[in-house]
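Trainee: I am new to this structure and would like a close look at a single part of it, the nonpolar core, with enough of the surroundings to place it.

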Amino acid sequence: MTKTSRLVLVMGLLSVVLLVLGSPALAQTTKPEDAASRSVRSFYTYHLAHNKDFTVRNIQLRKRFLTPELYNLLLKELKRQAAASKAHPDEAPDYEGDPLTDSQEYPDSFRVAKAEMAGDVAKVTLNLQWSARTSRGVDKRDITVEATKGATGWLVNDIVNNDGTRLQEDLKKKIK
């Protein structure tokens with residue numbers, strides 16, 4: 001192969017690469033709700049794959065996914081529950097189960113149903129699903145995860161269950 005034919009071949013390949021990279025199909029811009037959905041999906045994938053008990057250690061392991069406000073509220077609630085448990089060892093804690101899925105029995109899986117933007121907040125609807133192996137039997141329920149954009153990306157800021165109860169509000173009431 002001559003020097004000229006090699007140059008023509010390299011130029012041709014470079015032109016093809018530039019055409020492909022410049023293609024409108026590949027140049028789609030990501031919408032903020034898509035990025036928020038991916039972050040929420042990452043959080044719940046991690047959450048459901050690991051120990052879900054409501055403990056200080058487990059909340060610490062999830063810190064990178066949570067806004068500082070939600071993270072601190074969860075830790076304060078655990079501290080409050082520990083003090084209440086010492087004073088009243090026979091009583092069940094306020095959060096028996098998982099406040100991050102709003103359930104006493106952990107779901108087996110989830111799927112992102114939809115995501116919407118409301119100002120700087122992304123509202124991501126999750127469909128939580130339980131299998132026949134659980135005492136609930138086959139069941140599903142939706143929650144809305146509100147995420148806000150932080151310095152490191154989208155972070156879970158609040159969880160709204162299907163009756164409209166907000167986790168942050170509930171935590172703030174209990175801590176007072």
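How many helices and strands are there in the protein chain, and which residues have the most contacts inside the largest nonpolar core?

Mentor: Please keep in mind throughout that this is a predicted model. The protein chain holds 5 helices and 4 strands, and from the N terminus on these elements follow one another as α-α-α-α-β-β-β-β-α. Of the 176 residues in the chain, 35% are buried, and among the contacts with a separation of 6 or more, 46% join residues 24 or more positions apart.

With that frame in place, we can turn to the core itself. The largest nonpolar core has 32 residues, and those with the most contacts inside it are Tyr44, Leu74, Leu100, Leu126 and Leu167. Two or more residues of this core are given by each of helix H2 (32–49), helix H4 (68–87), strand S1 (109–118), strand S2 (121–130), strand S3 (139–150), strand S4 (153–160) and helix H5 (167–175). H2 supplies the largest share, 6 residues. As a general background, nonpolar side chains in soluble globular proteins tend to be buried together.

Leu100 is a useful residue from which to look around: leaving out residues up to four places away in sequence, Leu100 touches Phe43, Tyr44, His47, Ile59, Arg62, Leu74, Ile143, Ile159 and Leu167. Tyr44, Leu74 and Leu167 in that list are also among the residues with the most contacts inside the core.

Leu167 leads us on to H5, where the buried residues are Leu167, Gln168 and Leu171. Seen down the axis of H5, these buried residues fall within an arc of 95°, so they line one face of the helix. An α-helix has 3.6 residues a turn, so residues three or four places apart point the same way. The partners against which the buried residues of H5 pack are H4 and S4.

Leu100 also takes part in the lining of a cavity. A search of the whole structure finds 1 cavity of 30 Å³ or more, and the volume of the largest cavity is about 30 Å³. Its lining is made up of His47, Lys52, Asp53, Phe54, Asn58, Ile59, Arg62, Asp98, Pro99 and Leu100, which divide into 4 nonpolar, 2 polar and 4 charged residues. His47, Ile59 and Arg62, which belong to this lining, are also residues that Leu100 touches.

Notes:
Residues are numbered from 1 along each chain as its sequence is written. This is a predicted model: local features need pLDDT of at least 70, side-chain atom pairs count only at pLDDT 80 or more; totals for chains, interfaces and linings use all residues. Side-chain values use heavy atoms; hydrogens and water are left out. A nonpolar core is a set of buried Ala, Val, Leu, Ile, Met, Phe, Trp, Tyr and Cys residues joined through side-chain atoms within 4.5 Å. Buried means under 20% relative accessible area, exposed over 50%, partly exposed in between (1.4 Å probe, protein chains only). Contact means heavy atoms within 4.5 Å. The arc is that of the directions from the helix axis to the C-beta atoms. On a 1 Å grid over the protein atoms alone, a cavity is a set of points where a 1.4 Å probe fits but cannot get out, and a pocket is an open set with protein on both sides within 12 Å along at least five of seven lines; lining residues have an atom within 4 Å of a point. Grid points are joined across faces, edges and corners, and a volume is the space filled by probe spheres set on the points. Ala, Val, Leu, Ile, Met, Phe, Trp, Tyr, Cys and Pro count as nonpolar, Asp, Glu, Lys and Arg as charged, and the others, Gly among them, as polar.
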